[in-house]
Amino acid sequence: MTTTGRVLDALLAVALPTVALRALTAPQPSTAVALFIALGLLSAVSWARLAAPDLALVEAALGAGFTGALFGGALGWRGKPLPRVAPWMPHPLQLPPLVLVAVVLGGAVLALPESAGLAQVVSSELPREALTHPVSAVLLDFRGYDTLLETAVLVAASVGARRALPHEAAARVDHRLTSMARLLVPASFLVALYLLWRGAAGPGGAFQASAVLAGASVLLSASGQRSPADVAFPRSHRRWMVAGPAVFTIFAALPVLGGASLLHYPAGSLGWQVLVIELGLLVSVATLLGGFFSLVASEETP
Amino acid sequence: MSVRTGAALGLLCVGGLFFLAGTVGLLRFPDVHARLHAVTKADNLGLGFLCAGLALDAARWDAVLRLGITWGLVLVSSSLGSQLLARVALDISAARRGRAP
């Protein structure tokens, strides 16, 4: 490890807990949200330092960007003054158990036996598949069942959110955000499709791409450019949301009809099957993430 | 060290200085609007120098293109974002003044 790498890691090791603590003890919710976004970006940098670019992309796009937008929308960053909240301070009696748990966990992690992990097993299985990127291969091929169920969980969460929150209200049209959207939304589509395509051979994939599209959807919602039809007929959102799990289930179930096991990709067809599945996931996750923001950020504008 | 790498390092250092200036402005300026000036202008210029330095040292030409596009996107989003933040700050201070007797 180079010296600059060590310095960067030391800075991150100091900055991450500091920012987290400041975010927890911030007097105003808006300060806490801004610090939370900064924490997400620092986490993305630390994932990149750990040589996990896929995780870094997801952390930056979803953890920092989209979740920050959700919090901001929920707080109503549209001009209303925000209430002051009492900052979180730990009770003196809470500290010893916390420190004890941290010490025990740290000791357990450090005492783990040296292992090469599953990287070698994965890379030895890779050459016979069309997906050359190990993360994408694990997500969509080796552990495809988990991804299928995760998407179904996301759809269930979206249904629950729609039940719990009031209906989406249309924001008033904001011309600055509209001009920003005119530039950034087409660019987001390009970047999302690029990430989707690259996911087979490098860092990227359906979830990162859908995070970018969710950002575009947030921008569209905030600029008030959604048509009244979207507000009056929210069922259209539901239709697109189930595209991902539906497509995935179809592709998972088809081999069963031919006598093979669930999620068995016939040799040679892995490439295009995965592409279609990822497109379905892209549409599905982007739609429901955008739906989350519209639900959370709906309030009467002043 | 070749001339190109030296020039890239120089540009990176200049970018770092601009970021430092922006951070000092963020900490020391009295007002939200002044702080927005410092953060938007100085930090974006610092990012431009950073991208220029990295582009000089890049291995392939499309990395240069991607760095340029990144800087352009950051310019667009940060300038529009600072406008929006300034508007929100104005509304908040107007509301506070409206409430105070």
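Is F71(A) buried, exposed or partly exposed? At 38% relative accessibility, F71(A) counts as partly exposed. The legends below start from this residue, and the model they describe is a predicted one.

**Figure 1. Two rings meet edge-to-face in chain A.** Welcome to the first close-up. A search over all chains finds two aromatic pairs in the whole structure. In this one, the ring centres of F36(A) and F71(A) are 5.1 Å apart, and the planes stand at 80 degrees to each other. Planes over 60 degrees apart count as edge-to-face, so the pair belongs to that kind. The two residues come from distant parts of the chain: F36(A) sits in helix α2 (residues 29-49) and F71(A) in helix α3 (residues 53-75) of chain A, with their positions 35 residues apart. F36(A) has a relative accessibility of 28%, so this residue counts as partly exposed. Its partner F71(A), at 38%, is also classed as partly exposed.

**Figure 2. Two rings stack in chain B.** Here is the pair formed by F18(B) and F49(B). Their centres are 5.4 Å apart, with an angle of 10 degrees between the planes. Stacked pairs are those with planes under 30 degrees apart. F18(B) belongs to helix α1 (residues 3-28) of chain B and F49(B) to helix α2 (residues 32-56) of chain B, so the pair ties together parts that lie 31 residues apart in sequence. How open are these two residues to the surroundings? F18(B) is partly exposed, at 27% relative accessibility. F49(B) is partly exposed too, with a relative accessible area of 26%.

**Figure 3. The three helices of chain B.** Stepping back from the rings, we can follow the chain that holds them. Chain B contains three helices and zero strands, and its elements run α-α-α from the N terminus on. Its radius of gyration is 18 Å, whereas the globule rule gives 13 Å for 101 residues, so chain B is more spread out than a compact globule. The C-alpha trace spans about 65 × 25 × 10 Å along its principal axes. Buried residues make up 24% of the 101 in chain B. Of the contacts in this chain between residues at least 6 apart in sequence, 70% join residues at least 24 apart. The accessible surface of chain B is about 6,600 Å², and 72% of this belongs to carbon and sulfur atoms. As for charge, chain B carries 10 positive and 5 negative side chains, and the centres of these two sets are 7 Å apart.

**Figure 4. A loop residue and a helix residue in chain A.** Let us return to chain A. A51(A) lies in the loop between α2 and α3. Although A51(A) is not a glycine, its phi is positive, at about 60 degrees. With a relative accessible area of 66%, A51(A) is exposed. S43(A) is placed in helix α2 of chain A. This serine counts as buried, because its relative accessibility is 16% and buried means under 20%. Leaving aside residues up to four places away in sequence, S43(A) touches L16(A) and E59(A).

**Figure 5. The helices of chain A, with L288(A) as a buried example.** Chain A has 13 helices and zero strands. Of its 302 residues, 37% count as buried. Among contacts in chain A with a separation of 6 or more, 77% come from residues 24 or more positions apart. The chain exposes about 17,200 Å², with 72% supplied by carbon and sulfur atoms. Now zoom in on L288(A), found in helix α13 (residues 270-296). Its relative accessibility is 1%, so L288(A) counts as buried. Which residues does L288(A) touch, not counting those up to four places away in sequence? They are L154(A), V155(A), S158(A) and M241(A). The C-alpha atoms of L288(A) and A243(A) are separated by 11 Å, while the two residues are 45 residues apart along the chain.

**Figure 6. An exposed alanine in helix α7 of chain A.** For the last view, look at A164(A), which belongs to helix α7 (residues 144-164) of chain A. A164(A) counts as exposed, at 63% relative accessibility. Its C-alpha atom is separated by 24 Å from that of A216(A), and the two residues are 52 residues apart along the chain.

Note on methods: Residues are numbered from 1 along each chain as its sequence is written. Chains are lettered from A and ligands numbered from 1 in the order in which they are written. Side-chain values use heavy atoms; hydrogens and water are left out. Rings of Phe, Tyr and Trp (its six-membered ring) pair if their centres lie within 6.5 Å; planes under 30 degrees apart count as stacked, over 60 as edge-to-face and the rest as tilted. Helices (H or I, at least four residues) and strands (E, at least two) are DSSP runs, numbered from the N terminus. Buried means under 20% relative accessible area, exposed over 50%, partly exposed in between (1.4 Å probe, protein chains only). The radius of gyration is taken over C-alpha atoms; the globule rule is 2.2 Å times the number of residues to the power 0.38. Contact means heavy atoms within 4.5 Å. Accessible areas come from the Shrake-Rupley method with a 1.4 Å probe; for residues, only the protein chains shown count as cover. Lys and Arg count as positive and Asp and Glu as negative; His and the chain ends are not counted. The place of a charge is taken as NZ of Lys, CZ of Arg, CG of Asp or CD of Glu.
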